[in-house]
Amino acid sequence: MRIAISTGGGDAPGLNAVIRAIVLSAHTRGWQTYGIRRGFHGLLGEDGVMTLTPEKVRGITHLGGTILGTTNKGNPFRWIVNNPDGTQTEIDRSDDLVAAFHASGFDALITIGGDGSLKIGYDLYTKGIPVVGVPKTIDNDVVGTLSTFGFDTAVSTATEAIDKLHSTTESHERVMVVELMGRDAGWIALHSGIAASADVILIPEIAFDIEKVCEKVRQRERLGRHFTMVVVGEGAKPIGGEVQLIERRAAGTVDRLGGVGSLVAKAITERTGKETRSLVLGHLQRGGSPTTFDRLLGLRFGAAAVRAVADRDFGMMIGFNPPHLTRVPLNEVTGKSKHVPLDSDTVKTARELGIVLGD
Ligand code: F6P
């Protein structure tokens, strides 16, 4: 058996743990593994494919990033060609990819990715490639799994950052607005915000009323608490307002979100007169060493993906659905997004702790 591995989309801590587990689990069975470089670029005439052996994956479990490289601009079905006149054309190169896959003598593909890469994986499966998916993203927005790997590390990083901001915000008696990643899901903001004792948490699932945020600031002032911590997910929007974008990207890729933190900060200053600062935590949330939880989850995902290959159970994604790792049909998870359920105990907990969610 020759298994190809692809890591696509934004990276997430734990990717190398998944790769290592796939390589070692395959090796145990006497199988070979190959890493496609930079998403699918390696099979489309760019970069190439690397042979993965136990030696190549030695000591990488704790390392952030991916030894294969990744890209969020490499959809083979919507491949962007840069024309000499500066314009771009979109073409479908999936047939090239399928041909290259077979020409390389691969028997299975394990694609490790978020919603975009899993959709590509499913579309390749419908074109005859034996695919198994592994859910990766710090955003935790993939359906069919309680958790994606990378999420726990991002939440830990965000929690630590908010903790650090707390002391300076309190000593200067300011309002601090921290903008966190997560796209149109509020998992990172909600979990880290609660854990780090934020006073206000704004998530994409709840359109916010800025006046409710300002009222919390004023209420804290009245109680002698002269500082306020506000956490905002990058996809959060005011009632009747729009999501803030930094950059609209080419078709087939995702737009770049950002800017809501500074908007919220400006509005708080204008309405309350309090000195307010904002900070975008950005890619720090994607970097660094995976937590123990993400390492173990990544290793379990990798081994489970090889088990699915051994069972020839293709077109499936491995899901973390405690107490088991399950196999979920890829067509049931692609094109969907897992949002924070508003009736969840986590949301209820936030409200019961007095945290303002903007509604
Ligand atoms: O999907 C993961 C993620 O980190 C999002 O939270 C964020 O919006 C996006 O990727 C950023 O992508 P890029 O690195 O391309 O700016």
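A polar contact is a pair of N or O atoms within 3.5 Å. The views below come from a predicted model.

**View 1. Three side chains make polar contacts with the ligand: Glu 234, His 283 and Arg 286.** A polar side-chain atom of Arg 286 lies 2.8 Å from an oxygen atom of the ligand. That distance fits the cut-off, so the pair counts as a polar contact. For His 283, an N or O atom of the side chain is 2.7 Å from a ligand oxygen. For Glu 234, the corresponding distance is 2.6 Å. Taken alone, the ligand exposes 400 Å². The protein buries 85% of that.

**View 2. Residues surround the ligand.** Among them are Asn 72, Ile 138 and Asp 139. Met 181, Gly 182 and Arg 183 are also part of this group. So are Glu 234, Arg 249, Arg 256, His 283 and Arg 286.

**View 3. Domain 1 meets domain 2.** Domain 1 covers 2-149 + 290-332, and domain 2 covers 155-286. Their centres, taken over C-alpha atoms, are 33 Å apart. The contact takes 16 residues from domain 1 and 14 residues from domain 2. Between them the two domains bury about 1,200 Å². Carbon and sulfur atoms account for 55% of it. On the domain 1 side, Asn 72, Ile 138 and Asp 139 supply 39% of the area buried against domain 2, more than any other three residues. Asn 72, Ile 138 and Asp 139 are also among the residues around the ligand.

**View 4. The largest nonpolar core has 62 residues.** Ile 110, Ile 112, Phe 149, Leu 180 and Ile 201 touch the most other members. This core draws at least three residues from each of domain 1 and domain 2. Apart from it lies another core, of 25 residues. Its members include Phe 77, Leu 118, Ile 120 and Val 142.

**View 5. Ile 110 and its contacts.** Not counting residues up to four places away in sequence, Ile 110 touches Ile 3, Ala 4, Ile 5, Ser 6 and Ile 22, among others. Val 132 and Val 134 also touch Ile 110. So do Ala 305, Val 306 and Val 309.

Note on methods:
Residues numbered from 1 in each chain as written. Predicted model: local features only at pLDDT ≥ 70, side-chain atom pairs only at ≥ 80, totals over all residues. Heavy atoms only, no water. Core = buried A, V, L, I, M, F, W, Y, C linked by side-chain atoms within 4.5 Å. Buried < 20%, exposed > 50% of the residue type's maximum accessible area, 1.4 Å probe, protein only. Domains from an automatic or database assignment. Contact = heavy atoms within 4.5 Å. Near = heavy atom within 4 Å. Polar contact = N/O pair within 3.5 Å; in protein donor to acceptor, adjacent residues only side chain to side chain. Areas by Shrake-Rupley, 256 points an atom, 1.4 Å probe, with all protein chains shown as cover. Buried area = accessible area lost by both parts, 1.4 Å probe.
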